[in-house]
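Student: Hi! I have a structure open and I'm not sure where to begin. Could you walk me through it?

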Amino acid sequence: SEEWKIKKLTYLYNLRRLGIKTGLDHTLDLLDQCNNPHKNLNVVHIAGTNGKGSTSSMVASILESAGYRVGVYTSPHLLRFNERISVNDECISNNEIISFIDAHKQDIDRISSTFFETTTAMALTHFANKKVDFAVIEVGLGGRLDSTNVVVPKVTAITPISLDHREILGGDLLSIAKEKGGIIKKNIPLILGLQDESVNAHLHKIAKQRNAPVI
């Protein structure tokens, strides 16, 4: 019934009461219960302060135009939560959200997963179920300790960085850059947007340490 659906969706939204937890353990634990869907996805992982959403949209559009099946995970949503998780512009349905909650509510409660940890696991599971060719994943907050940083991407991208979420990521530009640079992976190419000179140097340094080619 409609009332039953609303109750399930309210449960998901109420996970916001758990606040923001930084760290990957809860997400990895929940993904383990979902049979680790992230391990077989071709991921484009995007962090930054300005232009993350539009970059995600453009990348997805290019891949779709080339004939690929593309999942996009982005935040926040404009009108409906469902907009955060889509495959070839088709948003996840309420029934698919409810199906995930039904299957994993016990795990979510046991782990005390936050709203974003839960929706990250939901998105990655949805993309695996839909057999996407590529998943474009936008970082929620920061990078290094963001739930999305469980993925092993084919390529990472960092759009221009400016001061944001200072209470969580650090009080100055370099501290924030260090957190966002946490998505840079060993041997994985990094596409770097226009940055402040000191930020650019710092991100290049991280990339060099991890042997990640920079474009």
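**Aromatic pairs and more**

Tutor: Happy to! This is a predicted model, and the count of aromatic pairs in it comes to four.

Student: Nice. How far apart are the ring centres of Tyr68 and Phe134, and how are the planes set?

Tutor: Tyr68 and Phe134 make an edge-to-face pair, with 5.0 Å from centre to centre and 85° between the planes. A pair of aromatic rings is described by just those two things, the distance of the centres and the angle of the planes.

Student: Where in the chain do Tyr68 and Phe134 come from?

Tutor: They link distant parts of the chain, being 66 residues apart. Tyr68 sits in the loop between H3 and strand S2 (70-73), while Phe134 belongs to strand S5 (residues 134-138).

Student: And is Tyr68 buried or exposed?

Tutor: In between! Tyr68 has 36% relative accessibility, so it counts as partly exposed.

Student: Which residues form an aromatic cluster?

Tutor: Tyr13, Phe81 and Phe115 form one.

Student: OK, new topic: helix H5. How many of its residues are buried?

Tutor: In H5, 13 of the 15 residues are buried, so the helix is largely enclosed by the rest of the structure.

Student: Does its length make sense? What span should H5 have?

Tutor: At 1.5 Å a residue, H5 should span 21 Å, and its end C-alpha atoms are 21 Å apart, so the two agree.

Student: Can you pick out a residue in there for me?

Tutor: Sure, try Glu117, which lies in H5 (residues 115-129). Its relative accessible area is 2%, so Glu117 is buried.

Student: What does the side chain of Glu117 make a polar contact with?

Tutor: With the side chain of His26, at 3.4 Å. Another residue to look at in H5 is His126. His126 is buried too, because its relative accessibility is 6% and the cut-off is under 20%. The C-alpha atoms of His126 and Glu96 are 8.2 Å apart, although their positions lie 30 residues apart along the chain.

Student: What comes after H5?

Tutor: H5 is followed by Lys131, which has a positive phi, near 55°. Most residues other than glycine have a negative phi, and most peptide bonds are trans.

Student: Which other residues have a positive phi, then?

Tutor: Asn36 is one of them, with phi near 50°. Asn36 lies in the loop between helix H2 (25-33) and strand S1 (43-47), and counts as buried because its relative accessibility is 19%. Asn187 also has a positive phi, near 65°. Asn187 is in the loop between helix H7 (173-180) and strand S7 (190-192), and its relative accessible area of 46% makes it partly exposed.

Student: You mentioned trans bonds. Where is there a cis one?

Tutor: Look between Ser75 and Pro76: a cis peptide bond joins them, with omega about -5°. Pro76 is in the loop between S2 and strand S3 (85-87).

Student: Last thing, pockets! How much space lies in the second largest pocket?

Tutor: About 260 Å³. It is lined by 14 residues, and the closest to its centre are Ser57, Ala60, Val72, Ser86 and Asp89.

Student: Which helix gives the most to that lining?

Tutor: Helix H3 (residues 52-65), with seven residues.

Student: And what kinds of residues line the second largest pocket?

Tutor: Three are nonpolar, seven polar and four charged.

Key. Residues numbered from 1 in each chain as written. Predicted model: local features only at pLDDT ≥ 70, side-chain atom pairs only at ≥ 80, totals over all residues. Heavy atoms only, no water. Helix = DSSP H or I, 4+ residues; strand = E, 2+ residues; numbered from the N terminus. Buried < 20%, exposed > 50% of the residue type's maximum accessible area, 1.4 Å probe, protein only. Polar contact = N/O pair within 3.5 Å; in protein donor to acceptor, adjacent residues only side chain to side chain. Expected span 1.5 Å × (residues − 1). 1 Å grid on protein atoms, 1.4 Å probe; cavity = no way out; pocket = protein on both sides within 12 Å on 5 of 7 lines; lining within 4 Å. Points joined across faces, edges and corners; volume = space filled by probe spheres on them. Nonpolar A, V, L, I, M, F, W, Y, C, P; charged D, E, K, R; others polar. Phe/Tyr/Trp six-rings, centres within 6.5 Å; stacked < 30°, edge-to-face > 60°.
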